[in-house]
Amino acid sequence: MFELVSVFTEEVGSDWHKPESVMEYDVFLFVESGCLTYVIDGNRLPLVKGDLLYFPAGSLRYAAADGIHGHQKYAVLFQRTVAETSIPLLDNRLHRLVHSRNYDYVKQRFSLLIQQWLGKLPHYETICQGILLEMLGIAGRELENAHLPAKKLSLASEIQQYILSHYRETIRIETLAELVDRTPNYVTKIFREVTGQTPIGYLHQVRITAARELLVNTHLTIGQIADMLGFCDQSYFNRVYKKMMGYPPSSHITEKRAK
């Protein structure tokens, strides 16, 4: 299907730029923060937080910051190894720019991708290929969903914003349904159609993303973090964290002690 060549993340300043060159490999980017501009085969593409950009090998690429803002992004370089495998986003060998409506999930997946790539534990290549394939699929779906009615996009956005503002509280599907004056089944259907996740699945993702930041950057215990993020008990938090991240939250505690 494809072979990963390099996976990296970089945080750069307002004077960053890449000289014009022909790309040897396919490139897939995710902008975590800031803004920048890519020029692909003469097409100017401004990028902002949450944008996903794909361009194929052979593209003429130039990139630069705007002289005012820095940015942070993830990048994957890869090459196709089985040409007949159909991946819709890649099939036409054209550059594609799409703004993700599920920023927290995409960020978490790219974060896990780079952890697997750098850690190089057994079977990491298979895991990395799986994550990249998922992200290419999500980008393709976002591109196809660009035609969705504004009302559906607005409803999903309102629910996302509510979850982002209240994720430490108890949130049930009934709460979200009341928020937008729709039935729980309708809310779940439309939210999945727009984002690819259920509202509760998205809530878990936001909480786990926040949990990882707290585990890495604070000295709070796992139990304290579980309580802070609205989980009913620590064992449930542990299960959800391991399911989404691929390893238990205690791994971060072990890493800190090792340092």
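Okay, before the first slide, one definition: when I give an angle between helices, the axes are lines fitted to C-alpha atoms over the stretch in contact, and angles run from 0 to 180 degrees between N-to-C directions. Also keep in mind that this is a predicted model.

So, let's start with two helices. Helix α5 covers residues 173–180 and helix α6 covers residues 184–195, and they pack at an angle of about 90 degrees, with their axes 8 Å apart. Anything from 65 to 115 degrees counts as roughly perpendicular, so that's what we call α5 relative to α6. Who's touching whom? On the α5 side you've got Ile173, Glu174, Leu176, Ala177 and Val180, and they meet Pro184, Val187 and Thr188 in α6. Sort that contact by class and you get 6 nonpolar residues, 1 polar and 1 charged.

Next, the core. In soluble globular proteins, nonpolar side chains tend to be buried together. Here, the largest nonpolar core has 64 residues, and the ones touching the most other members are Leu4, Phe28, Val76, Phe78, Phe110, Leu136 and Phe237. Take Phe237: leaving out neighbours within four places in sequence, Phe237 contacts Ile208, Ala211, Ile222, Ile225, Ala226, Phe231 and Pro249. Apart from that big core there's another one, of 17 residues, including Val12, Met23, Val31 and Leu47.

Staying with Phe231 for a second, that residue also turns up in the contacts of His204. His204 sits in helix α7, residues 199–217, and counts as buried because its relative accessibility is 13%, under the 20% cut-off. Besides Phe231, His204 touches Tyr236, Val240 and Met244, again not counting residues up to four places away.

Now over to strand β1, residues 2–12, where we find Ser6. Is Ser6 buried or partly exposed? At 22% relative accessibility, Ser6 comes out as partly exposed. What I like here is the partner: Ser6 and Leu77 are 71 residues apart in sequence, yet 5.1 Å apart in space, C-alpha to C-alpha. Beyond the residues up to four places away, Ser6 touches Ala75, Val76, Leu77 and Trp117. And Val76 is one of those well-connected members of the largest core.

Last bit, cysteines. A disulfide is a covalent bond between the sulfur atoms of two cysteines. How many disulfides does the model have? The count is 0. As for individual cysteines, Cys35 is buried, at 18% relative accessibility, while Cys232 is exposed, with a relative accessible area of 65%.

That's my tour. Questions?

Note on methods:
Residues numbered from 1 in each chain as written. Predicted model: local features only at pLDDT ≥ 70, side-chain atom pairs only at ≥ 80, totals over all residues. Heavy atoms only, no water. Helix = DSSP H or I, 4+ residues; strand = E, 2+ residues; numbered from the N terminus. Parallel < 35°, antiparallel > 145°, perpendicular 65-115°, else oblique. Contact = heavy atoms within 4.5 Å. Nonpolar A, V, L, I, M, F, W, Y, C, P; charged D, E, K, R; others polar. Disulfide = S-S within 2.5 Å. Buried < 20%, exposed > 50% of the residue type's maximum accessible area, 1.4 Å probe, protein only. Core = buried A, V, L, I, M, F, W, Y, C linked by side-chain atoms within 4.5 Å.
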